[in-house]
Amino acid sequence: MIGLLKDYVKARLLDNDFMISGTSKEEELREFFRDLFPVVTDKKLIRLGGSADGGYLVPDDLEGCVGCFSPGVYNVSDFELGLAERGIPCFLADFSVDAPVIHNDLLDFEKKFLGNENNAKFMTLESWMSRKGPQSGDLILQMDIEGGEYEVLIETSCNDLKRFRMMIIEFHSLDRILNPIGLKLIGAVFKKITKHFDVVHIHPNNYFKPVEYRDFEVPPIMEFSFLRKDRVSRRAPARSFPHDLDRKNVANRDDVVLPKCWFAPE
């Protein structure tokens, strides 16, 4: 039954005719966006990693962080190397590769995917955190796992999420918020995060063009940077996009500027 339900939900999420319609549904979309409006804080943004895919904007609040968990390795580890050069140990995981492309004594690798269960191929974030890394102190989460982020974040307890001072997450299939089921499921994930974290930056991945629906534009893939609310002493709406440090994920494709529905109006 569960498998059939998953197949049904997946089919409905991919149905282009299953768009939200009506004033009440549009207001639900606007509320979703309002909850995610980025803010400028007292912690300026810096860039860690390369000048293309694999580089991210993070708050300049790294001092005192005791480790970084970074699932999704592929063939780039510039972000993690940047942290290791600052003395921050990084724990990497990816079942699709045998090892990171770079070596550093502060990089620990595990050949597993992150998911919502523990077996020979998958592990949960909670089990990974309990086995590796310091058991106290603030951590960093950098996650790019091709759509698996939703089940991981739902599965992980709020107490474990709050161990992270900052989180940098690439979210996939965001255009699914344009149907009722997608909006409810994806909205629940973001509500869980924004209860304890501020959105401090959003950067669209230019691999896909935004999906347009009435007054809304939704880039299917976007990178979000979050900072735990207790680290923020001053915040104001962020309205200038792209950031000076933003770079295109795909160099030979047109850039995608964050659509206006994703940040606070003047």
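**Exercise 1. Find how strand β4 pairs with β9 in this predicted model.**

*Solution.* Start with the bridges: in this predicted model, three of them join β4 to strand β9 (residues 139–143), and the two strands run parallel. Next, look for a pair of facing residues: Gly67 is opposite Leu139 in β9.

Now turn to β5. Here β4 pairs in the parallel sense too, over four bridges. Cys68 stands opposite Cys90 in β5. As a reminder, strands of a sheet pair through backbone hydrogen bonds, either parallel or antiparallel.

**Exercise 2. Decide how well covered β4 is, and sort its residues by the way they point.**

*Solution.* Recall that a residue counts as buried when its relative accessible area is under 20%. By that cut-off, five of the five residues of β4 (residues 67–71) are buried, and the strand is mostly covered. Then sort the directions: Gly67, Phe69 and Pro71 point one way, while Cys68 and Ser70 point the other way.

**Exercise 3. Place β4 in its sheet, and work out which strands form the edges.**

*Solution.* Write down the strand order first: β6-β5-β4-β9-β10-β14-β11, an open sheet of seven strands with mixed pairing. The edge strands are β6 (107–110) and β11 (197–204), each of which pairs on one side only. On average, neighbouring strands are turned by 15° against each other, direction ignored.

Then step in from the β6 edge. Four bridges link β6 to β5 (residues 90–93), and these strands run parallel. Within this pairing, Ala93 has Glu110 of β6 as its bridge partner.

Finally, look for a helix lying across the sheet. Helix α7 (residues 180–194) lies across β10 (164–171), β11 and β14 (222–228), and runs at about 160° to β10.

**Exercise 4. Describe the two cavities of 30 Å³ or more, and say what lines each one.**

*Solution.* Take the largest cavity first: it holds about 60 Å³ of space. Its lining has four nonpolar, three polar and three charged residues. β3 (56–59), β11 and β14 each supply at least two lining residues, and β14 gives the largest share, three residues. Among the lining residues are Arg47, Tyr56, Glu223, Phe224 and Ser225.

Now the second largest cavity, with about 40 Å³ of space. Its lining divides into seven nonpolar, one polar and two charged residues. Phe241, Pro242, Val256 and Leu258 are included in this lining.

As a last step, compare the two lists: His203 and Asp246 appear in both linings. Nicely done!

Definitions and conventions: Residues are numbered from 1 along each chain as its sequence is written. This is a predicted model: local features need pLDDT of at least 70, side-chain atom pairs count only at pLDDT 80 or more; totals for chains, interfaces and linings use all residues. Side-chain values use heavy atoms; hydrogens and water are left out. Two strands pair if DSSP finds at least two bridges between them. Axes are lines fitted to C-alpha atoms, for helices over the stretch in contact, and angles run from 0 to 180 degrees between N-to-C directions. Contact means heavy atoms within 4.5 Å. On a 1 Å grid over the protein atoms alone, a cavity is a set of points where a 1.4 Å probe fits but cannot get out, and a pocket is an open set with protein on both sides within 12 Å along at least five of seven lines; lining residues have an atom within 4 Å of a point. Grid points are joined across faces, edges and corners, and a volume is the space filled by probe spheres set on the points. Ala, Val, Leu, Ile, Met, Phe, Trp, Tyr, Cys and Pro count as nonpolar, Asp, Glu, Lys and Arg as charged, and the others, Gly among them, as polar. Buried means under 20% relative accessible area, exposed over 50%, partly exposed in between (1.4 Å probe, protein chains only).
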